[in-house]
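User: Please take a close look at one helix of this chain and the loop that comes after it, and set that part against the rest of the fold.

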Amino acid sequence: MSNDYEDEVDETLQCNACVYEIDTAQKRNLHYKTEWHRYNVKRRCAGLGPLSERVFLQKVNEIKAQSAGTQAVRCELCNLNCKNQRAYEAHIRTKKHLGKELNKARQVCVSFDLLLENHSSFSFSFLLDILFCYFLI
Ligand SMILES: [Zn+2]
Ligand SMILES: [Zn+2]
């Protein structure tokens, strides 16, 4: 009597690749389309045990975070590819890059007053860099 529920569960509804219990055929079909399931099928082919959905999603997020950090960022001004966001941020603080920023600003603004008048077209950090360079020269 206490085993009524378990008796009704169809054994074939368990996904063997994920060792995951599924209660309806519809859910099983949806499950077969998930990245998690496909990943576990690959693992099984490689002779590895299944990952739980939670661990799988954690790995996916780690990979996403890593790939975001290693994406190349281009500095159009210097015609240079920086290998990631961090390298780009270091690059835009270099004298070489700031010099180019200043030259660009000089082309746009013939005087310091004009630079201030046009400040709305520049980002605040860019303006600070320009002001810094301006008073160095
Ligand atoms: Zn599965
Ligand atoms: Zn640059």
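Analyst: Among the contacts in the chain with a separation of 6 or more, 20% are made by residues 24 or more positions apart. The model is a predicted one, and of the 137 residues of its chain, 6% count as buried. The pLDDT of the chain averages 78, and 66% of the residues score at least 70; confidence is lowest in helix H1 (residues 4-8), where the mean is 50, and highest in helix H2 (residues 25-32), where it is 92. The chain holds eight helices and four strands, arranged along the sequence in the pattern α-β-β-α-α-α-β-β-α-α-α-α.

The part chosen for the close look is helix H3, which comprises residues 35-45 and in which Trp36, His37 and Asn40 are buried. These three cover an arc of only 95° around the axis, and for that reason they lie on the same side of H3. The general background is that an α-helix has 3.6 residues a turn, so residues three or four places apart point the same way. The other side of H3 carries Glu35, Arg38, Lys42 and Cys45, which are exposed. After the helix comes Gly47, whose phi is positive, near 80°.

Further on, in the loop between H3 and helix H4 (53-69), lies Leu51. Leu51 counts as partly exposed because 16 other C-beta atoms lie within 10 Å, whereas a buried residue would need 20 or more. If its neighbours within four places in sequence are left aside, Leu51 is in contact with Tyr39, Asn40, Arg43 and Phe56; of these, Asn40 has already appeared as one of the buried residues of H3. Leu51 can also be placed relative to Val19, which is 32 residues away along the chain, with 9.0 Å separating the two C-alpha atoms.

Val19 itself belongs to the loop between strand S1 (14-15) and strand S2 (20-21), and it is exposed, because 12 other C-beta atoms lie within 10 Å and a count of 12 or fewer is what that class requires. Its phi is positive, about 50°, although Val19 is not a glycine. Most residues other than glycine have a negative phi.

A positive phi also occurs at Asn79, another residue other than glycine, with a value near 60°. Asn79 is situated in the loop between strand S3 (73-75) and strand S4 (80-82), and it counts as exposed because it has 8 other C-beta atoms within 10 Å.

Two further pairs describe the surroundings of that second loop. Leu80, found in strand S4, is partly exposed because 14 other C-beta atoms lie within 10 Å. Apart from its neighbours within four places in sequence, Leu80 is in contact with Cys75 and His91, and the C-alpha atoms of Leu80 and His91, eleven residues apart along the chain, are separated by 9.5 Å. In the other pair, Lys96 and Cys78 are 18 residues apart along the chain and have their C-alpha atoms 8.6 Å from each other. Lys96 lies in helix H6 (residues 95-108) and counts as exposed, because it has 9 C-beta neighbours inside 10 Å.

Conventions
Residues numbered from 1 in each chain as written. Chains lettered and ligands numbered in written order. Predicted model: local features only at pLDDT ≥ 70, side-chain atom pairs only at ≥ 80, totals over all residues. Helix = DSSP H or I, 4+ residues; strand = E, 2+ residues; numbered from the N terminus. Arc of directions from axis to C-beta. Contact = placed C-beta atoms within 7 Å. pLDDT = per-residue confidence, 0-100.
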